[in-house]
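This report deals with a ligand and the pocket that holds it. Have the sequence and the model open while reading.

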Amino acid sequence: MIMASQTLTSFEEKLKSSFPTPENIPAEVRIDGKKYEPLYLLDGKLLKWDGTLDDVSSPICISENGQVKRTIIGQVPSMDATSAMEGVYAAVRAWDNGRGEWPTMSVKGRISAVEKFVGRMRLVREEVVRLMMWEIGKSLEDSYKEFDRTVDYIIKTIDALKEVDRNNSRFSLDDGVIAQVRRSPLGVCLSMGPFNYPLNETYTTLIPALIMGNTLVVKPPKFGVLLHQPLLEAFAECFPKGVVNFIYGDGAKIIGPIMQSGLIDVLAFIGSSRVADILKHQHPRPHRMRCILGLDAKNPALVMPDADIDLAVRECVTGSLSFNGQRCTGLKIMFVHSSIIDQFLKKLVDAIDKLPQGMPWEKGVKLTPLPEFNKANILKGYIDDALTKGAKIMNQGGGTFYETLFHPAVVYPVIPDVKLYSIEQFGPIVPVCSYSDEKEFLDFVTNSNYGQQLSLFGNNPKIMAQLIDRLTNQVSRININCQCQRGPDTLPFTGRKDSAEATLSISDALRCFSIRSLVAAQSNENNKDIVQSIVTSRYSNFLNTDFIL
Ligand code: G3H
């Protein structure tokens, strides 16, 4: 926190003046977060919470009377463990030992409920996008992208499930056994998304879990919580009661008792491996809980001597600084060959100098306020540690901050002793190392606790092939001449070591949230008659040959 009496540097002044006064906020991006009542969704009902409330604090500070401060844009329920458990009990009742209306509903029935939901979701696009921008500081443009990508994901998930169901709508006959194999839900799923993709990464687990017939308890992230409010009514209207429940509050207080209850069958969590380990250990029978986890990462880039430097710089800038470096797939460290390091650094600094920094609604803005409390000081701590170990800040104003605006810092040279070499900074710092032997990069990847992705920049096919063969068993995706990323969502998204458990993609997610179940019988006349009768009379939602078009 910068005290009012302190003299600001010109860079700090510049950052300070980026924050708007109330009158300077364009009318079309204003929100009235306070209009949202503290509602929660329990057992199919939207209920008003009359207990303690948590403030929703926006990283977009407002400048008033010479003071620049975070703004409170709304309030959400601050549940205690007992109230949060009600959400779990509702989901358990809706699951009803797998005999509930939703888990036994036909695939066609579940698909039409999700189709109805996505239609309702489209109606609140503007509202959700605006809340997202105010809650997490994501640019308006990227907030729209996140919303649209999520809608697209749901539609593709529906198509993928139709395909799965078509393939399962037939019987097999093998070794005298007639069988039908389908995918069945697992039970009660606790879904917890992260603040950086509060809609997308919540829904990319919530929707596949839901459409496969599981029942859900959703705990929105600390930042990016209010944006779920406009969608609660749609959940209440589109799904049977208790199938989707939303709980709110301090995760550290409410999730422990939920885990200890042993009532969670599936944990879908995007966050840190440290927290994931705690949650897993709290479950009394962890082997009964399927885990779908997206965790930490420290994705590196290798820029080889023959790389197209302009392209490498472009990709490294977007890779490391999109949404201020707050992406799990972000490039978090760069290894650049010593023969091109000076040229690379100069171009990198020039490109970063040109990135517009400001409020998320400004056209073309690339660097915006950071939502996490005290984040700027934590980032500053990482930089200071590097400076004491011989590194320098290469760009003008790098590491300067004012309240929630933090100017990106290119830090060089980063050596193994430096925290930034191994810690995931999850913010606008670009650590650069110079290497002379590829072994240094290979050692980094091998010794890293993380194994999500990496990027290789170069043009020699033989060298590229050798690196690929040495690295494919270390990370889950190697990107050639481009930044690391999750998309397209049809591709598998996962990681090794501390980076993930299970694989997400549109089709993989359907598998993650279900288990194969089959009905089998000896292929004799009596059994054939029974099966035939069930199918032709359409007595069963499971055993049938309906073909969804
Ligand atoms: O934060 C992790 C996200 O899944 C990354 O997705 O690569 O599309 O930004 P993205």
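## Lining of the pocket

In this predicted model, α11 contributes six residues to the lining of the second largest pocket, the most of any element. The elements that supply two or more lining residues are α6 (140–168), α7 (200–211) and α11 (309–321).

The lining of the second largest pocket has 32 residues in total. Those nearest the centre of this pocket are Asp142, Lys145, Ser322, Phe323 and Arg327. Sorted by class, the lining holds twelve charged, ten polar and ten nonpolar residues. The space in the second largest pocket comes to about 760 Å³.

## Place of the ligand

The second largest pocket is where the ligand sits. Around the ligand are Arg149, Asn196, Tyr197, Glu201, Arg327, Cys328, Thr329, Gln485, Arg486 and Phe493. By class, this shell consists of four charged, three polar and three nonpolar residues.

Arg327 appears in both lists: it is one of the residues around the ligand, and it is among those nearest the centre of the pocket.

## Contacts and cover

Which residues place a polar side-chain atom close to an oxygen atom of the ligand? For Tyr197, the distance from such an atom to a ligand oxygen is 2.3 Å. For Arg327, the corresponding distance is 2.7 Å. With Cys328 the backbone is involved: one of its polar backbone atoms is 2.8 Å from an oxygen atom of the ligand.

On its own, the ligand has 300 Å² of accessible area, and the protein covers 95% of this.

Note on methods: Residues are numbered from 1 along each chain as its sequence is written. This is a predicted model: local features need pLDDT of at least 70, side-chain atom pairs count only at pLDDT 80 or more; totals for chains, interfaces and linings use all residues. Side-chain values use heavy atoms; hydrogens and water are left out. A residue is near a molecule or strand if one of its heavy atoms lies within 4 Å of it. A polar contact is a pair of N or O atoms within 3.5 Å; within protein, one must be able to donate a hydrogen and the other to accept it, and residues adjacent in sequence count only if both atoms are side-chain atoms. Accessible areas come from the Shrake-Rupley method with a 1.4 Å probe; for residues, only the protein chains shown count as cover. On a 1 Å grid over the protein atoms alone, a cavity is a set of points where a 1.4 Å probe fits but cannot get out, and a pocket is an open set with protein on both sides within 12 Å along at least five of seven lines; lining residues have an atom within 4 Å of a point. A molecule sits in a cavity or pocket if more than half of its atoms lie within 2 Å of its grid points. Ala, Val, Leu, Ile, Met, Phe, Trp, Tyr, Cys and Pro count as nonpolar, Asp, Glu, Lys and Arg as charged, and the others, Gly among them, as polar. Grid points are joined across faces, edges and corners, and a volume is the space filled by probe spheres set on the points. Helices (H or I, at least four residues) and strands (E, at least two) are DSSP runs, numbered from the N terminus.
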